[in-house]
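Me: Could you take a close look at the empty space in this protein for me? I would like to hear about the pocket and the cavity in particular.
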Amino acid sequence: MRIAGAAGASPASPEVPPFDVLAAVAEQARRTPGAPALIDATGQTSYAELVAEVDRLADVLTASGVRSGDLVGLCLPRGRAAVTALLAVLRAGAGYVPLDPGYPAARLALMLEDTRPRLVLTDA
């Protein structure tokens with residue numbers, strides 16, 4: 001298997017353009033602000049609402065000391081809140097550590113010890 005653009009890749013390998021998920025969401029919000037962006041069992045979020053929620057949470061993260069290159073743990077069940085939090089972490093310039101709330105406590109503790117996130121977002 002070869003990765004396009006990787007060292008040692010064939011010169012004929014096509015270059016894969018970078019993809020900015022935050023820019024894509026913002027562009028979709030500009031084009032169709034009222035369209036559903038996220039839907040789960042609890043309801044839906046429009047693109048305009050998603051961008052506003054992501055920006056608000058990213059501001060909270062940066063005010064809490066999250067900086068570019070930091071890690072933030074996300075211990076959230078699958079759904080709109082998890083996607084919003086993930087995008088907010090990226091907007092803040094950080095990376096995320098997926099922490100499944102269904103994991104045993106010992107596994108979560110080990111993951112936290114290994115990754116040492118600046119903070120953890122959870123709904124509990």
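Before you get there, what percentage of the 124 residues in the protein is buried?

Reply: Happy to help! Please keep in mind that this is a predicted model. Buried residues account for 29% of the 124 residues in the protein. As for the fold, the secondary structure consists of four helices and five strands, and along the sequence they follow the pattern α-β-β-α-β-α-β-α-β. If you take the contacts between residues at least 6 apart in sequence, 62% of them join residues at least 24 apart.

Now to the empty space itself. Rolling a probe the size of a water molecule over the atoms shows where such space is left.

Let's start with the open site. The largest pocket holds about 270 Å³ of space. Its lining includes Leu74, Leu76, Pro77 and Arg78, then Ala82 and Leu86, and further along the chain Tyr96, Pro98, Leu99, Asp100, Pro101 and Tyr103. Two elements, helix H3 (80–91) and strand E4 (95–98), each contribute at least two residues to this lining. In character, the lining of the largest pocket divides into ten nonpolar residues, two charged ones and no polar ones. The two charged residues are Arg78 and Asp100.

One of the lining residues, Tyr103, has a further feature for you to look at: Arg107 lies over the face of the Tyr103 ring, at 4.0 Å from the ring centre. As for pairs between aromatic rings, the count comes to zero.

Next comes the enclosed space. Searching the whole structure turns up one cavity of 30 Å³ or more, and the largest cavity contains about 40 Å³ of space. The residues lining this cavity are Leu22, Val25, Ala26, Val51, Val54, Leu87 and Arg91. Helix H1 (21–31), helix H2 (47–63) and H3 are the elements that give two or more residues to that lining. H1 gives the most, with three residues. Six residues of the cavity lining are nonpolar, one is charged and none is polar; the charged one is Arg91.

Putting the two sites side by side, you can see H3 in both: this helix supplies at least two residues to the lining of the largest pocket, and H3 also gives two or more to the lining of the largest cavity. Leu86 belongs to the pocket lining, while Leu87 belongs to the cavity lining. If you are colouring the model as you read, H3 would be a handy place to begin.

Technical notes: Residues numbered from 1 in each chain as written. Predicted model: local features only at pLDDT ≥ 70, side-chain atom pairs only at ≥ 80, totals over all residues. Heavy atoms only, no water. 1 Å grid on protein atoms, 1.4 Å probe; cavity = no way out; pocket = protein on both sides within 12 Å on 5 of 7 lines; lining within 4 Å. Points joined across faces, edges and corners; volume = space filled by probe spheres on them. Phe/Tyr/Trp six-rings, centres within 6.5 Å; stacked < 30°, edge-to-face > 60°. Lys NZ or Arg CZ within 6 Å of the ring centre and 35° of its normal. Buried < 20%, exposed > 50% of the residue type's maximum accessible area, 1.4 Å probe, protein only. Contact = heavy atoms within 4.5 Å.
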